[in-house]
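Colleague: I have a chain on my bench and a model of it on my screen. Can you walk me through it?

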Amino acid sequence: MTASVNGQGRTSWRRSDASRQRRGAAEAVSPGLYAALDLGTNNCRLLVAKPSGDGFRVVDAFSRIVRLGEGLAASGRLSGPAMSRTLEALKICAAKIRRRGVTRVRAVATEACRRASNCEDFLERVRRETGIELEIISQNEEAALAICGCAPLIDPDIPDILLFDIGGGSTEICWLKVQPARDAAADALPPAAELSLFAWASVPIGVITLAERHGGGEVSSETYQAMVTEMAAAVAAFDDRHKVTASVTGGELQMLGTSGTVTTLAGVHKDLPRYNRSRVDGSYLDMDTVHDICARITAMSYAQRAAHPCIGPERADLVVAGCAILSALCRLWPAQRLRVADRGLREGMLYAMIHGISAPEGSWADLGAAPGLD
């Protein structure tokens, strides 16, 4: 299985004077409410927020597992039941957007819609039945916006960052460098530093694709190891090409994970009676704990996973595949600990809209094209 691998580049993600002027002009009219909708292979998520200081304050949110990409790997098409489930979730999102009086909306679709041969028909149906204009974004832009959304959790004192997003149909991996900002002005993306994207890859393996290929019910240790091996092999080309392991060995490395897999693991580790974002987002798991929790989850029966308050029946057949993907990444790049992010694409879209930034094809428009990002 081939990963989409990008070359190395050194792009500083900061707003230009022009974008600051656009933001100032927009805020002079009305700060308004902004909505960011992320339709992935597995989830439909919405955030509605109001600008606040240099960030934003969330005023409404919605998240539902819809499994839009269910069966896609085998058929190449979005199935009727998957589209119907997704449309019901999007109708709820549309109602929230209307009720809140949102002044600016961005709604994006990712891997499932990128792959499906009948995606245009689905987008037209969404437009007709909900009024939502879904935009299919590239893998490059998905990675760029996820980084923007997770930037507040990056430690500016540790130069090497490996950020990954385990999705339903793919896993995005970004290797970044953080350097002190030339000036700590308010226009720097959070934190006050310059992020250089050295390399990234989009691996066409996610929790749905892996679970459908290997099974997600009663998973044997042999099957689990086969999942880990498949993911490790898919990532090896990225690691070999960019010498990531050789570059980070012996130095400080921060690893940041944004996905339902890592947030679920954090919830299980904390023995939460129900999932609590405030207890999970920004928390740390040391590597021994990551492997211990993965082993604990994979040893559970399907019924035990479904009954767990931080897993539940909607994730019970997918979480083992997520653990396999995470284990492969952590074995390849053994950082001391993993930071858990319950944030990403939606937060990145909100920040970009509020601050007048756009990121077509993964490079901020105000900065122009950069090596490895076009």
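Modeller: What follows is a set of short questions and answers on this predicted model.

Colleague: How many helices and strands does the chain have?

Modeller: The model is predicted, so the elements are assigned from its coordinates as DSSP runs. Both kinds of element are present, with strands numbering 12 and helices numbering 16. The count asked for is 16 helices and 12 strands.

Colleague: What percentage of the residues is buried?

Modeller: The chain has 374 residues. Buried means under 20% relative accessible area. By that cut-off, the buried share is 58%.

Colleague: What share of the contacts with a separation of 6 or more joins residues 24 or more positions apart?

Modeller: Contact here means heavy atoms within 4.5 Å. Among pairs with a separation of 6 or more, those 24 or more positions apart account for 76%.

Colleague: Which helix gives the most to the largest nonpolar core?

Modeller: The largest nonpolar core holds 56 residues, and F164, M255, L265, L326 and W333 touch the most other members. Its top contributor is a helix spanning residues 319-332, with 10 residues. That helix is α15. In soluble globular proteins, nonpolar side chains tend to be buried together. The helix asked for is α15.

Colleague: Which residues does L265 touch, beyond those up to four places away in sequence?

Modeller: L265 is one of the core members that touch the most others. Its contacts beyond four places include C323 and L326. The full list is L285, V290, I293, C294, I297, C323 and L326.

Colleague: How many residues are in the other core?

Modeller: This core lies apart from the largest one. C44, A89, C113 and C119 are among its members. Its size is 31 residues.

Colleague: Is R106 buried or exposed?

Modeller: R106 sits in strand β5, residues 104-109. Beyond four places in sequence, R106 is in contact with A35, A36, L37, E135, I137, E141, L145, M349 and M353. Its relative accessibility is 19%, and the cut-off for buried is under 20%. R106 therefore counts as buried.

Colleague: How is α6 set against α16: roughly parallel or roughly perpendicular?

Modeller: Helix α6 covers residues 139-150 and helix α16 covers residues 345-354. Their axes are 6 Å apart, at an angle of about 85 degrees. Angles of 65 to 115 degrees count as roughly perpendicular. So α6 against α16 is roughly perpendicular.

Colleague: How many residues of the contact of α6 with α16 are nonpolar?

Modeller: From α6 come E142, L145, A146, C148 and G149, and these meet L345, E347, G348, M349, Y351 and A352 in α16. Two of the contact residues are polar and two are charged. The nonpolar ones number seven.

Colleague: R67 has a positive phi although it is not a glycine. Is R67 buried or exposed?

Modeller: Phi of R67 is about 55 degrees. R67 is in the loop between β4 (55-65) and α2 (72-75). At 14% relative accessibility, under the 20% cut-off, R67 counts as buried.

Colleague: D271 also has a positive phi. Is D271 buried or exposed?

Modeller: Phi of D271 is near 50 degrees. D271 is in the loop between α10 (260-269) and α11 (277-280). Its relative accessible area is 53%, and over 50% means exposed. D271 is therefore exposed.

Colleague: What is the C-alpha to C-alpha distance between T245 and P334?

Modeller: T245 is in helix α9, residues 244-248, and is partly exposed at 25% relative accessible area. Beyond four places in sequence, T245 touches D239, L332 and W333. T245 and P334 are 89 residues apart in sequence, yet in space the separation is 9.2 Å.

Colleague: What separates the C-alpha atoms of A94 and I132?

Modeller: A94 is in helix α3, residues 80-100, and counts as buried at 4% relative accessibility. Beyond four places in sequence, A94 is in contact with T130 and I132. A94 and I132 are 38 residues apart along the chain, and their C-alpha atoms are separated by 6.8 Å.

Technical notes
Residues numbered from 1 in each chain as written. Predicted model: local features only at pLDDT ≥ 70, side-chain atom pairs only at ≥ 80, totals over all residues. Heavy atoms only, no water. Helix = DSSP H or I, 4+ residues; strand = E, 2+ residues; numbered from the N terminus. Buried < 20%, exposed > 50% of the residue type's maximum accessible area, 1.4 Å probe, protein only. Core = buried A, V, L, I, M, F, W, Y, C linked by side-chain atoms within 4.5 Å. Axes fitted to C-alpha atoms, helices over the stretch in contact; angles between N-to-C directions. Parallel < 35°, antiparallel > 145°, perpendicular 65-115°, else oblique. Nonpolar A, V, L, I, M, F, W, Y, C, P; charged D, E, K, R; others polar.
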